[in-house]
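Here is a short report on one protein model. It covers overall form, the main pocket and a handful of individual residues.

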Amino acid sequence: MEASSSLSRQLMWVIWPAFLVAGVAEAIFFTVFDPFELHFFGAVLDVSREFIYTMGFFGFWGLAFTAAA
């Protein structure tokens, strides 16, 4: 029981700061760039603004998680 508690605690030391950094990074990024002006490999993204915000957040969260790990 002690090992799983220790692992979950160590994981939270990485996941929570990465979540906070992703929120700040997304806010800064989408303050500068409009989601409808973004292109993916030259093609216009034909999805909703909320979907782009969501994917951006998870992308930043993945980058921050990888950097923190």
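Is alanine 68 buried, partly exposed or exposed? Alanine 68 has a relative accessible area of 44%, so it counts as partly exposed; the partly exposed class lies between the 20% and 50% limits. Alanine 68 belongs to helix α2. Its C-alpha atom is 27 Å from that of phenylalanine 40, with the two positions 28 residues apart along the chain.

**Overall form**

The model is predicted. Its secondary structure consists of two helices and two strands. Read from the N terminus, the order is α-β-β-α. The radius of gyration is 16 Å, while the globule rule gives 11 Å for 69 residues, so the protein is more spread out than a compact globule. Along the principal axes, the C-alpha atoms fill a box of roughly 50 × 20 × 20 Å.

Burial can be put as a share of the chain. Of the 69 residues, 14% are buried. The exposed surface comes to about 5,400 Å². Carbon and sulfur atoms supply 72% of that surface. Contacts can be sorted by sequence separation. Among contacts between residues at least 6 apart in sequence, 61% join residues at least 24 apart.

**The largest pocket**

The largest pocket has a volume of about 240 Å³. Three elements each give two or more residues to its lining: α1 (2–32), β1 (39–40) and α2 (49–68). Helix α2 gives the most, with five residues. The lining includes Phe29, Phe30, Leu38, His39 and Phe40. Also among the lining residues are Leu45, Val47, Phe51, Ile52, Met55, Gly56 and Phe60. By class, the lining divides into 10 nonpolar residues, two polar and no charged.

**Selected residues**

Three residues can be compared by their place and relative accessible area.

| Residue | Place | Relative accessible area | Class |
|---|---|---|---|
| Arginine 9 | helix α1 | 55% | exposed |
| Phenylalanine 41 | loop between β1 and β2 (43–44) | 79% | exposed |
| Alanine 64 | helix α2 | 13% | buried |

Why does alanine 64 count as buried? Its relative accessibility is 13%, and buried means under 20%, so alanine 64 falls in that class. Alanine 64 touches Ala18 and Val21, leaving aside residues up to four places away in sequence. Phenylalanine 19 is 45 residues from alanine 64 in sequence. In space, the C-alpha atoms of alanine 64 and phenylalanine 19 are 7.7 Å apart.

Arginine 9 gives another pair. Its partner here is tyrosine 53, 44 residues away along the chain. The C-alpha atoms of arginine 9 and tyrosine 53 are separated by 29 Å. Why does arginine 9 count as exposed? Exposed means over 50%, and arginine 9 has 55% relative accessibility, so it belongs to that class.

What is phi of phenylalanine 41? The angle is near 55°, a positive value in a residue other than glycine. Phenylalanine 41 sits in the loop between β1 and β2. With a relative accessible area of 79%, phenylalanine 41 is exposed.

Terms used:
Residues are numbered from 1 along each chain as its sequence is written. This is a predicted model: local features need pLDDT of at least 70, side-chain atom pairs count only at pLDDT 80 or more; totals for chains, interfaces and linings use all residues. Side-chain values use heavy atoms; hydrogens and water are left out. On a 1 Å grid over the protein atoms alone, a cavity is a set of points where a 1.4 Å probe fits but cannot get out, and a pocket is an open set with protein on both sides within 12 Å along at least five of seven lines; lining residues have an atom within 4 Å of a point. Grid points are joined across faces, edges and corners, and a volume is the space filled by probe spheres set on the points. Helices (H or I, at least four residues) and strands (E, at least two) are DSSP runs, numbered from the N terminus. Ala, Val, Leu, Ile, Met, Phe, Trp, Tyr, Cys and Pro count as nonpolar, Asp, Glu, Lys and Arg as charged, and the others, Gly among them, as polar. The radius of gyration is taken over C-alpha atoms; the globule rule is 2.2 Å times the number of residues to the power 0.38. Buried means under 20% relative accessible area, exposed over 50%, partly exposed in between (1.4 Å probe, protein chains only). Contact means heavy atoms within 4.5 Å. Accessible areas come from the Shrake-Rupley method with a 1.4 Å probe; for residues, only the protein chains shown count as cover.
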